[in-house]
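Me: I have not looked at this structure before. Could we go through it in questions and replies?

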Amino acid sequence: MLPELVDAMPAEVEFQMTYPCYFLCGDRGALVCITVNAVTCLCLFTQLGKLQTFHRAQSASASPGSTSQPKVAFATCDNAQQLISRLQAAERELAASKDGHLAINPAPGEPVPFIAIRAFIAAL
């Protein structure tokens, strides 16, 4: 069990990490980030369906009226070691912009819990 996502919202959220987990990839293969409360966060999904729902919502807002279903590219982590390795690499990449947070299962129209990547890794 991971610590509560204290950076996330006024009400803390308990979270249980499950595998496999997923990172959405953008057009050029980079992992997708979003802005939550003025903080840039890497998106982590615990279910493929949640990733697909988020991707559909992002695609619809980027090109309203489009009826084609865009392809979903994602990276999978099958265990804690793979996840930690990917998060450490992402943290190094995000360090230049002083961003180092993780958004957990972002969903359209819902509050998005987020946590510092370093705190998340420490809890795994």
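What follows is a set of questions about the chain, each with a reply.

Me: What kind of model is this, and how are residues numbered?

Reply: This is a predicted model, in which local features need pLDDT of at least 70 and side-chain atom pairs count only at pLDDT 80 or more, while totals for chains, interfaces and linings use all residues. Side-chain values use heavy atoms, with hydrogens and water left out, and residues are numbered along each chain as its sequence is written, from 1.

Me: Which pattern of helices and strands does the chain follow?

Reply: Helices (H or I, at least four residues) and strands (E, at least two) are DSSP runs, numbered from the N terminus. The chain has three helices and six strands. Read along the sequence, the pattern is β-β-β-α-β-α-β-β-α.

Me: What percentage of the residues in the chain is buried?

Reply: Buried means under 20% relative accessible area, exposed means over 50%, and partly exposed lies in between (1.4 Å probe, protein chains only). Of the 124 residues in the chain, the buried share is 38%.

Me: Along strand β2, which side chains point to the buried face?

Reply: Strand β2 covers residues 33-36, and its side chains alternate. Cys-33 and Thr-35 point to one face and are not buried. The buried ones, on the other face, are Ile-34 and Val-36.

Me: Which residue in β3 is the bridge partner of Val-36?

Reply: Two strands pair if DSSP finds at least two bridges between them. β2 and β3 (residues 39-44) pair in the antiparallel sense over four bridges. In β3, the partner of Val-36 is Val-39.

Me: Which residue in the loop between β2 and β3 has a positive phi?

Reply: The hairpin of β2 and β3 has two residues between the strands. The residue with a positive phi of about 50 degrees is not a glycine, and at 61% relative accessibility it counts as exposed. It is Asn-37.

Me: Which residue of β6 stands opposite Ala-103?

Reply: In β5 (101-104), His-101 and Ala-103 point one way and Leu-102 and Ile-104 the other, and all are buried. β5 runs parallel to β3, joined by four bridges, with Leu-44 opposite Ile-104. β5 also pairs with β6 (residues 114-116) in the antiparallel sense over three bridges. There, the residue opposite Ala-103 is Phe-114.

Me: Which element gives the most residues to the largest nonpolar core?

Reply: A nonpolar core is a set of buried Ala, Val, Leu, Ile, Met, Phe, Trp, Tyr and Cys residues joined through side-chain atoms within 4.5 Å. The largest has 20 residues, and Phe-23, Leu-44, Leu-83, Leu-87, Leu-102 and Phe-120 touch the most other members. Elements giving two or more residues to this core include β1 (21-25), β4 (73-77) and α3 (117-123). The one that gives the most, with five residues, is α2.

Me: How far apart are the end C-alpha atoms of α2?

Reply: The expected span of a helix is 1.5 Å times one less than its number of residues. For the 16 residues of α2 this gives 22 Å. The distance between the end C-alpha atoms agrees, at 22 Å.

Me: How wide is the arc of the buried residues of α2?

Reply: The buried residues of α2 are Leu-83, Ile-84, Leu-87, Ala-90, Glu-91 and Leu-94. The arc is taken from the directions from the helix axis to the C-beta atoms. These residues lie on the same side of α2, because their arc is only 130 degrees.

Me: Which residues are exposed on the other side of α2?

Reply: The buried residues of α2 are covered by elements including β1, β2, β3, β4, β5 and α3. The exposed residues, on the other side of the helix, are Gln-81, Arg-92 and Glu-93.

Me: Is Thr-46 buried or exposed?

Reply: Thr-46 lies in the loop between β3 and α1. Leaving aside neighbours within four places in sequence, Thr-46 is in contact (heavy atoms within 4.5 Å) with residues including Phe-15, Met-17 and Asn-105. The relative accessible area of Thr-46 is 10%, so Thr-46 is buried.

Me: Which two residues does a cis peptide bond join?

Reply: The omega of this bond is about 0 degrees. One of its residues, Pro-20, lies in the segment before β1. The bond joins Tyr-19 and Pro-20.
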